[in-house]
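Here are a few short exercises for getting to know a new protein model. Try each task before you read its solution.

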Amino acid sequence: MFVAWRDLRFARGRFFLIGTVVALITLLVGFLSGLTGGLASQNISAVLQLPGERVVLQNPGDGAPDYATSSISNEAGEAWIAADGIETVLPLGIAQARAENTSGSATAAEGTVGVALFGMAEASEKDGTTGSVFDLTPAKTGEVGLSQGAADELGAQVGDTLTIIGSEFTVAKIGPEAWYSHTPVVAMDHGDWAMSNAKLGGTGAPTALLVSGADGSAPDWDGIAADTGTTVKTPIMSLAALSTFKSEIGSLGLMIAMLFGISALVVGAFFSVWTMQRAGDVAVLKALGASNSSLIKDALGQALVVLIAGIGIGILAVTGLGLLAGQALPFLLSPLTTVLPALIMAVLGLAGAAFALRTVTKADPLVALGSHR
């Protein structure tokens, strides 16, 4: 690394330019990753908080299951309850509606707010629903539990009155963040939810069933689903049943993948030109007896120093801008949106630099001695 360090000190402008490009690409990739993570969180966080081993949705027969259109019949629900190896079956109702804070409190927001109505049973340690979105469910009919996002948008506090589809409900509790399809969750008793769903033109039947097997059992999930005209998925896999999630993450994920590809090409091109400019110096080192392995370590080590400096500055910029953007945009600042893109950038940058190493390993010492003249 002796020659590499001297080169870094001598050609500071060139390395500053390369480091700036790496920092800007890291900023772009990191910011887009944070925005993608924030949008995804506002789309699926409530689904990720669902309890149970499996989520049961209606099988449409001619297409993929969808939370928006799923409706579980009484016969299917009873069949799941009676199935061998099944211990817990919890109905879950989901509907999109609008809510308004009509309490007249000083913090009440103006106008109506779009919300996701979740009809659920109250959380119970026996059913294993504590620590999930079920914690939002109120203990009485005529009451609702608000996620923090719903409380903020409605300007609501515990004891306030909300009007939802022409009916009044009292805010009984406010819990942590829970979002479904970019709308905050409002939880209510399943009976109240069925009534609200009927006002919206629905049947009042649950949207999904959250099922768990008995300890030590291995239920025939697919067999039961086939017999009941339903489909069964893990909570993670059920995210594909959110149409907005598939389209949103698909497009943003493609953009991030393209940015990673572009970053590998740009950084690789910089290091290729850089290595070719050093061909004479490398040939001299080989003429003096330097091994290929030492020259490769020298070139990659130099590239790694530039990448670490550029990526570090880019991640600091992402963190600072992400904290500011989080006040107005759904931005997720986590290791998944900062550290992971940084590691991928470093790997791609080293891969781009590695493509230029052929000039290092094939350098002819005679070139340094003037045989080309």
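A helix here is a DSSP run of at least four residues, and helices are numbered from the N terminus. Please keep in mind that this is a predicted model.

**Exercise 1. Take stock of the whole protein.**
How many helices and strands does the protein have, and what percentage of its residues count as buried?

*Solution.*
- Begin with the secondary structure: there are 12 helices and 10 strands.
- Next, look at burial: the protein has 373 residues, and 45% of them count as buried.
- Then turn to the surface: about 17900 Å² is exposed, with 62% of that supplied by carbon and sulfur atoms.
- Finally, consider contacts with a separation of 6 or more: 79% of these join residues 24 or more positions apart.

**Exercise 2. Explore helix 6.**
Which residues of helix 6 are buried, and what do they pack against?

*Solution.*
- Locate the helix: helix 6 covers residues 221-228.
- List its buried residues: Trp-221, Gly-223, Ile-224, Ala-225 and Thr-228.
- Find their partners: these buried residues pack against strand 1 (54-58), helix 3 (74-82), strand 2 (86-101), strand 9 (208-213) and strand 10 (230-233).
- Step past the end of the helix: Gly-229 follows helix 6 and has a positive phi, near 70°.

**Exercise 3. Describe a pair of helices.**
How do helix 9 and helix 10 cross, and why is the pair roughly parallel or roughly antiparallel?

*Solution.*
- Two packed helices are described by the angle between their axes and the distance between the axes.
- Apply this to helix 9 (residues 292-325) and helix 10 (residues 339-355): their axes come within 10 Å and cross at roughly 150°.
- Because angles over 145 degrees count as roughly antiparallel, helix 9 is roughly antiparallel to helix 10.
- Add the handedness: helix 9 passes helix 10 in a right-handed crossing.
- Name the residues that meet: Leu-300, Ala-303, Leu-304, Leu-307, Ile-311 and Ile-315 come from helix 9, while Ala-342, Met-345, Ala-346, Gly-349, Leu-350, Ala-353 and Ala-354 come from helix 10.
- Sort the residues of this contact: 12 are nonpolar, 1 is polar and none is charged.

**Exercise 4. Visit a loop.**
What is the phi of Ser-181, and is His-182 buried or partly exposed?

*Solution.*
- Find Ser-181 in the loop between strand 7 (179-180) and strand 8 (183-189).
- Read its backbone angle: Ser-181 is not a glycine, yet its phi is positive, near 50°.
- Move to His-182, which is also placed in the loop between strand 7 and strand 8.
- His-182 is not a glycine either, and its phi is positive at about 65°.
- Check exposure: His-182 has 28% relative accessibility, so it counts as partly exposed.

How values were computed: Residues are numbered from 1 along each chain as its sequence is written. This is a predicted model: local features need pLDDT of at least 70, side-chain atom pairs count only at pLDDT 80 or more; totals for chains, interfaces and linings use all residues. Side-chain values use heavy atoms; hydrogens and water are left out. Helices (H or I, at least four residues) and strands (E, at least two) are DSSP runs, numbered from the N terminus. Buried means under 20% relative accessible area, exposed over 50%, partly exposed in between (1.4 Å probe, protein chains only). Contact means heavy atoms within 4.5 Å. Accessible areas come from the Shrake-Rupley method with a 1.4 Å probe; for residues, only the protein chains shown count as cover. Axes are lines fitted to C-alpha atoms, for helices over the stretch in contact, and angles run from 0 to 180 degrees between N-to-C directions. Angles under 35 degrees count as roughly parallel, over 145 as roughly antiparallel, 65 to 115 as roughly perpendicular and the rest as oblique. A crossing is left-handed if the near helix is turned anticlockwise from the far one by less than a right angle, and right-handed if clockwise. Ala, Val, Leu, Ile, Met, Phe, Trp, Tyr, Cys and Pro count as nonpolar, Asp, Glu, Lys and Arg as charged, and the others, Gly among them, as polar.
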